[in-house]
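Student: Could you take me through one part of this structure up close? I'd like to look at the largest nonpolar core.

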Amino acid sequence: MPRTTVRVTLALAVALLPLCAAGRAAAAAPEAPRWVAQRFIGERSAVGLAWTAVPGAERYLILRRAEGEEQARQIGATPGLQYLDAAVTRGVRYRYSVCAAGPGGTGPVSAEAEVLALEPQLIPPAAPRWTDAVAASEGDAPAVRLLWAPVSGAVVYNVFRRTPADPPGAFRLRAGVADCTFTDTEVGAGAYEYRLSAVSAAMVEGALSDVRSVTLAAARAGGSQRTAGPALRVRPSREALVLRGGEKLPILAPVDIVASP
């Protein structure tokens, strides 16, 4: 083999080694990076990414390929679990992947995550954050009461539900509400799962929240759900009354406290 060919072959092998080495200390692939935020620096758009940690990793290499490109290229490296790509063009769709690097080399590349660099008015709202999800009642009927924290830029919240009759992971749209609370009265005995999403004024829907599960007990024989001993039910109310010895006593508090039986 001519000496020139040997030099070229060795140079190519050395150049590809950092991206193709079989990582011994960081052999696992991170999960696909997920979109976490988009922000704007002046007239420029930026995409924020996040991923899970890989044992033994000292840093993470971020790879990107734009729409129409066949090969991904490294655009950065970080010892952390987040990266902000400020060199994107609005309206262009990008695919990101991550690989972990350690003393033994780099591990396998994660699956790709697709992100569309958006105009400011098209940025999806953040995923809603749960504050409570509890079994309740409307009169004598069972119900599930859901509450969550407001999301900046959201005008509508979609409530998704999976009933005990639905297969795992099969969430269906239950309602769209403007407030940060919803009471589901179309329920029976069993475990119900809920997820939320926020919708902006431009009708752009954000990511789904995590799953919140509520289990409702079956009604007792004879249709009564009362327990043998006293029980307390607390719910928000404009009128605050305490039932004690059959007498209604008004109190200055934003709750109804009802003792039964």
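Tutor: Sure, starting with the term: a nonpolar core is a set of buried Ala, Val, Leu, Ile, Met, Phe, Trp, Tyr and Cys residues joined through side-chain atoms within 4.5 Å. Buried means under 20% relative accessible area, exposed is over 50%, and partly exposed lies in between (1.4 Å probe, protein chains only). Keep in mind that this is a predicted model, where local features need pLDDT of at least 70 and side-chain atom pairs count only at pLDDT 80 or more, while totals for chains, interfaces and linings use all residues. Residues are numbered from 1 along each chain as its sequence is written, and side-chain values use heavy atoms, with hydrogens and water left out.

Now for the core itself: the largest one has 19 residues, and Leu 146, Trp 148, Val 159 and Tyr 194 have the most contacts inside it. At least two of its residues come from each of strands E9 (130–138), E10 (141–148), E11 (154–162), E12 (172–177), E14 (190–200) and E15 (212–216); strands here are DSSP runs of at least two residues, marked E and numbered from the N terminus. E14 gives the most, with 4 residues.

Take a look at Tyr 194. Setting aside neighbours within four places in sequence, Tyr 194 is in contact (heavy atoms within 4.5 Å) with a list of residues including Leu 146, Val 159, Phe 160, Asp 184 and Arg 212. There's also a second, separate core of 16 residues, with Val 47, Val 54, Ile 75 and Tyr 83 among them.

Back in strand E11, you'll find Arg 162. Arg 162 counts as buried because its relative accessibility is 12%. Its side chain reaches the backbone oxygen of Asp 166 at 2.8 Å.

Notes. A polar contact is a pair of N or O atoms within 3.5 Å; within protein, one must be able to donate a hydrogen and the other to accept it, and residues adjacent in sequence count only if both atoms are side-chain atoms.
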